[in-house]
Amino acid sequence: MGEHGAVVGEVRLTVDELAARAGVTVRTVRFYGTKGLLPPPELGPRRVGLYGAAHLDRLGLIEELQRQGLTLAAIERYLARLPEDSTPLDLAIHRALVASWTPETPEEVTRAQLERRAGRGLSEQHVERLVAMGALERTADPEVFRVDPGLLPLGVRILDVPIPLETLLAARAVVLEHSRATARELQRLFRETVWKPYRESEPAPDDLARMKALTDHIQPMVAQALVTAFQRSLREELGEELAGELSGELSGNPNGYPNEDPNG
């Protein structure tokens, strides 16, 4: 990397590098800075402004909120409600969640553009892992990829975590299977208990249009509720497993299973 580029273990980017990583222009970065949406950079050698991971993820979140249709004033209020100790990972998760609310707008990039967005070189194994995580889709051109802008930053973060590719593929299959089942059940529930009775009440055309608009606005609430419920369930499952392992270690059984008395 160059003198002011990203260094191992800590992201340090010039404004040009930050813009390239985020897929925006330098002018956009400076505009957000003047509006107070983006914290000022740290001053590095020769008073060059350097940006970190928090700037990168905050910038990505701002872009997703704009795609959602929020005004700058609304974005400012949204950011102000975030906890002061929000980590770059927290911001990346917020961005992925907001991106899930917006209609799918596939974004195609070349491998060179993808590597600039990722801030690193990407081997074929890296690409396979990102595809397995759903952050990328391949196209007919082997050098062009369809990017999920919400998932890509999270995918890049865990590229080097030693999770087998088979595990990523299996995990994605589990999530897709259960999320589709949940979506079908929620759609059935809403259709039978809300939409059908409303249609049978013979509403006026204007009321019908408003109801359809309200239905569209329910999606973000449902998405956030599902994510929150999943996070809580995952913490509980991991907590129970950890408690079982600790109990096993304390009882002299490293497998966490109840000790068996050979004498019955």
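The following exchange concerns the predicted model of this protein chain.

Biologist: What average pLDDT does the protein chain have?
Modeller: The model is predicted, and confidence is given for each residue. In the protein chain, 75% of the residues score at least 70. The average pLDDT of the chain is 76.

Biologist: Which helix has the lowest mean pLDDT among the elements of the chain?
Modeller: The highest mean among the elements, 93, belongs to α2. The lowest mean, 66, is that of the helix spanning residues 205-250, namely α10.

Biologist: How many contacts beyond near neighbours in sequence does the stretch 254-264 have in the model?
Modeller: Over residues 1-9 the pLDDT is below 50, and that stretch has 19 contacts beyond near neighbours in sequence. Where pLDDT is low, the predicted coordinates should not be read in detail. Residues 254-264 also have a pLDDT below 50. For this stretch, the contacts beyond near neighbours in sequence number six.

Biologist: In what order do the three strands of the open sheet lie?
Modeller: Each of the edge strands, β3 (107-110) and β4 (136-138), pairs on one side only. The pairing is antiparallel, and the twist averages 35° from one strand to the next. The order is β3-β5-β4.

Biologist: Which residue in β5 stands opposite E107?
Modeller: Strand β5 covers residues 144-147 and runs antiparallel to β3. Four bridges join these two strands. Opposite E107 stands V147.

Biologist: Which strands does helix α7 touch as it packs on the sheet?
Modeller: Helix α6 (residues 111-118) packs on the sheet and touches β3, β4 and β5, its direction making about 100° with that of β3. Helix α7 (residues 124-132) also packs on the sheet, and its direction makes about 110° with that of β4. The strands touched by α7 are β4 and β5.

Biologist: Which helix supplies the largest share of the largest nonpolar core?
Modeller: This core has 21 residues, of which L18, V29, L59, L61 and L79 touch the most other members. At least two residues come from each of α1 (15-22), α2 (26-34), α3 (53-67) and α4 (72-80). The largest share, five residues, comes from α3.

Biologist: How many residues make up the other core, which includes L114 and V131?
Modeller: In the largest core, V29 touches residues including V15, L38, Y51 and L59, when residues up to four places away in sequence are not counted. Apart from that core lies another, with A135 and V147 also among its members. The number of residues in this other core is 17.

Technical notes:
Residues numbered from 1 in each chain as written. Predicted model: local features only at pLDDT ≥ 70, side-chain atom pairs only at ≥ 80, totals over all residues. Heavy atoms only, no water. Pairing = 2+ DSSP bridges. Axes fitted to C-alpha atoms, helices over the stretch in contact; angles between N-to-C directions. Contact = heavy atoms within 4.5 Å. Core = buried A, V, L, I, M, F, W, Y, C linked by side-chain atoms within 4.5 Å. Buried < 20%, exposed > 50% of the residue type's maximum accessible area, 1.4 Å probe, protein only. pLDDT = per-residue confidence, 0-100.
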